[in-house]
Amino acid sequence: MRILGVNGWPGASHDASACLLVDGEVIAFAEEERFTRAKHSYGQAPHHAVAWCLAEAGLSIEDIDFVAHGWEMPELFARRGLEWFPTPEEALDFLLPRGVFPRRRDPRLIFVEHHMAHAASAYYFSGRDSGAVLILDGQGENESATLAVGSGGDLKLLRSISPGWSLGYFYAAVCEYAGLGADAAGKLMGLAPYGTPGDTTFGGALQVHGDGYSVDAVPEDLLSRGRTDEEDDTIRLWMNRLEKTLTLPPNAVSRGFDPMLGRYTKRTARDPYDYRDLAATAQEALEQCVLALVRGLLRDSGESTLLVAGGVGFNATLNGKLMRLPEVDDLFVQPLAGDQGVSLGAAGWVASQAGERVRPMTGTVAWGPQWGPDAVRQVLDATGTRYTEPADIAVATADMLARGGIVGWHQGRSEGGPRALGHRSILAVPYPAEQQDRINLTIKDRERWRPFAPSLREESAAELLGLDRPLPYMIVTTPVPERHRRYLAAATHVDGTTRPQTVSVGANPLYHRLLGQVEERTGRAVVLNTSFNGNAEPVVCSPRDALATFARAPLDALALGPFLVQR
């Protein structure tokens, strides 16, 4: 069966994506932002992503059996008093217009509840027979958290928490208060270890009790009619409460024209670093709430395996605490935890309902576009770029890294999600500590306190980090042993943890070999790995994207397929 999973609705969504599942196996996955270069693809339908997925498989939209959308859009609109389409055909034509996707026959359009799609992405693609499932995000149609259990191929929902009590929106409100922006949860998480936690109840507004929590700042039954979600109202109410509770006022944000960049940029009245104690308090509060939920979920489900998805699942610090809970024997966090992952989950849910076995993930999310050597050479020649073709790109790159160089690495298929996992990466050796400032300030053009992560060979993980399990998706933090911190100085955060990616030869043989070449030159099969993009820019996808970012950022070299471009 051919199932096209999608996320994204014109004018009412973010992180649009498409996934093609054929007989239970992922054939293609891509995010719309990688093509349009508009980060998070706000309000966009996944037209480019769908077109690429179909082209990759040599199919047209007429060849698709089901289009599975990761939101129950009719219910979402009806509950909020918004007008919906008279027929499914009209809804499908609005999502995938015939002018863009010509067809004589429509595939069947199925709307999957948002948290069910998240849960399916965690359970069916984890490879686990059973497990407790935790979904945490801003919100779905009518919930911000869902606790479930997966067993025997079925998902059973246990309980949910309303959008008004959303932990995702609470965290977003703190981001907004600190001047980082509501969609900057990763920044707040990175800032938190620099601060000291204070009152995690925020004056009684957030209380942890038993196996859950309660919120006083926002009505539990909040419903924003005329809108598709409760985000704006929830954040506004939290901002009001924070302003009454905290000593520091909200960080005023303005926009001004930057003549050096030639565009308008965001400016804050204060350095967001001044809000580090608030960040630490919010992170501690989030962890307390989630740990309480998880303990109750594991007790009620009788499970010791925990499966996590939803945007809050990108909080790697929280995930590290979950992994080290005595009650958790096995943890799987969906690397496509955000809304980009519901295209995967919606397709998986439809496949499972039809009796198909969904093939689990195997340590990679590199299911996107790729360019062969001839195509890359054409781009290099067409742009007048000078390049060489080393006998072995892994050897040439390792030589540059061992000499202290910082190299863009563009190889194979494009990856999904926000983490670079060795296909669209910026690489360096993870020492000395000054590498962190160099990459943050001059290459990534971002705050100096933002942390980096290492990639290391799976077989080196026990020695370097004391790991007893693979962590292939760079989504869980773990402590760095004191004896190795100087070798991982630029990839160890101020709290002594790091967010590693363990690399297996099966998942990424070229990257694994590069790490081996680095080991021959430095003594350790590990590199600092950050996503190949600039500030406020999606991760690069095409060779032209890579060359454009290379032109702007002072990287020392670019390994583009088998070719090496040097500064």
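**Exercise 1. Find how many salt bridges link domain 2 and domain 3, and name the residues.**

Step 1. Look for a side-chain nitrogen of Lys or Arg within 4 Å of a carboxyl oxygen of Asp or Glu, which is what a salt bridge means here.

Step 2. Between domain 2 and domain 3 the count is one. The partners are K187 and E447, whose closest N and O atoms are 3.5 Å apart.

Step 3. Keep the source in mind: this is a predicted model, where local features need pLDDT of at least 70, side-chain atom pairs count only at pLDDT 80 or more, and totals for chains, interfaces and linings use all residues. Residues are numbered from 1 along each chain as its sequence is written, and side-chain values use heavy atoms, leaving out hydrogens and water.

**Exercise 2. Describe the contact between domain 2 and domain 3.**

Step 1. Locate the parts: domain 2 covers 126-333 and domain 3 covers 368-566, with bounds from an automatic or database domain assignment.

Step 2. Count contacts (heavy atoms within 4.5 Å): 19 residues of domain 2 meet 19 residues of domain 3.

Step 3. Add the buried area, meaning the accessible area (1.4 Å probe) that two parts lose on being put together, summed over both. This comes to about 1700 Å², with carbon and sulfur atoms giving 64%.

**Exercise 3. Explain why C53 forms no disulfide.**

Step 1. A disulfide needs a pair of cysteine sulfur atoms within 2.5 Å.

Step 2. The closest cysteine sulfur to that of C53 belongs to C19, 6.8 Å away, so the gap is too far for a bond.

Step 3. A search of the whole structure agrees, finding zero disulfides.
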